[in-house]
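Student: I have a structure to go through. Can you walk me through it?

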Amino acid sequence: MESQTIIDALLLGLLEGLTEFIPVSSTGHILLAGHFLGFNSTGKTFEILIQLGAILAILSVYWARLWRMLVDLPRDPQTQRFVAGILIAFLPAALIGAFAHGFIKTVLFESPRLICVMLILGGFVLLLLDKLDLKPRYGDVTNFPFSVYLKIGLFQCLAMIPGTSRSGATIVGSLLMGVEKRAAAEFSFFLAMPTMAGAFAYDLYKNRDILSVADLPVIGVGFIAAFVMALLVVRHLLDYVSRNGYSLFGWWRLIVGGIGLIALTVWG
């Protein structure tokens with residue numbers, strides 16, 4: 001195993017953990033960085049499988065709350081309602097992802113210019129939303145109307161296009177539905193658990209025949225790096241967006257997307 005490949009995996013894992021739960025598109029960042037690093041993973045599975053590290057990070061942060069939900073689920077109507085809401089929000093992306101998996105991996109994942117354009121467009125959307133005088137109506141993630149859960153889930157489907165951002169799509173959808181900023185980020189965390197776990201399991205199943213033992217060290221390094229970095233991000237993100245909103249991430253997207261387009265034009 002080449003040491004440079006391990007270093008690339010470490011860098012990409014840290015990038016995954018840093019960007020997974022903020023609205024800047026972790027997949028878009030990893031695909032762009034991998035393009036310029038010359039990093040090629042088997043079947044583009046590395047980019048999906050290291051997300052398990054980010055999933056475990058959020059599970060560790062929310063472990064006590066998730067355990068309480070599991071205990072209360074058989075008898076507490078409010079918990080049952082919230083779990084149903086998460087499933088309703090999860091289903092649209094699950095269905096589209098399963099049907100469009102091949103197109104997403106072989107066409108959209110291979111389009112760095114598309115990623116840059118989506119980063120820029122999403123940046124403008126976040127900056128615009130931060131300036132709008134939106135009136136929050138929902139502050140408790142466990143008590144949205146079912147129609148709001150569904151609409152947020154439909155917004156999440158936009159993230160099938162790399163560069164859009166799963167968290168960005170769900171947060172934008174939530175804000176437009178009248179969800180308070182902190183609650184929008186928190187629900188994005190909860191929705192990430194089944195969505196990312198499902199993507200991980202499905203991608204592993206689809207690529208089971210082409211992965212080999214030789215791929216494990218690279219994936220393992222990326223996984224651990226993603227876990228550590230995501231743990232740091234999740235612990236501080238909710239407080240940040242409560243105080244400052246999402247404009248920083250809008251500018252982030254514009255800068256990365258713009259630099260990416262320039263680099264693609266100059267170096268290809």
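Student: What pattern does the protein chain follow along the sequence?
Tutor: Read along the sequence, it is α-α-α-α-α-α-α-α-α-α-α-α-α. The protein chain has 13 helices and 0 strands, where helices (H or I, at least four residues) and strands (E, at least two) are DSSP runs numbered from the N terminus. This is a predicted model, in which local features need pLDDT of at least 70 and side-chain atom pairs count only at pLDDT 80 or more, while totals for chains, interfaces and linings use all residues. Residues are numbered from 1 along each chain as its sequence is written, and side-chain values use heavy atoms, leaving out hydrogens and water.

Student: How does the radius of gyration compare with the globule rule?
Tutor: The radius of gyration is 18 Å, close to the 18 Å that the rule gives for 268 residues, so the protein chain is as compact as a globular protein of that length. The radius is taken over C-alpha atoms, and the rule is 2.2 Å times the number of residues to the power 0.38.

Student: And how much is buried?
Tutor: Of the 268 residues, 50% count as buried, meaning under 20% relative accessible area, with exposed over 50% and partly exposed in between (1.4 Å probe, protein chains only).

Student: Which residues have the most contacts inside the largest nonpolar core?
Tutor: They are F21, Y62, F144, F187, F190 and Y246, in a core of 46 residues. A nonpolar core is a set of buried Ala, Val, Leu, Ile, Met, Phe, Trp, Tyr and Cys residues joined through side-chain atoms within 4.5 Å.

Student: Which helix gives the most to this core?
Tutor: α11, with 10 residues. Helices that each supply at least two include α4 (51-61), α8 (112-131) and α12 (216-244).

Student: Back to Y62. What is it in contact with?
Tutor: Leaving aside neighbours within four places in sequence, Y62 is in contact (heavy atoms within 4.5 Å) with E186, F189, F190, M193, V234 and L238. There is also a second, separate core of 13 residues, which includes L32, I48, L119 and C157.

Student: Different topic: which loop holds S25?
Tutor: The loop between α1 (3-19) and α2 (26-37). S25 has a positive phi of about 75 degrees although it is not a glycine.

Student: Is S25 buried or exposed?
Tutor: Buried, with a relative accessible area of 3%.

Student: What about phi at S165?
Tutor: S165 is not a glycine either, yet its phi is positive, about 95 degrees. S165 sits in the loop between α9 and α10 and is buried, at 5% relative accessibility.
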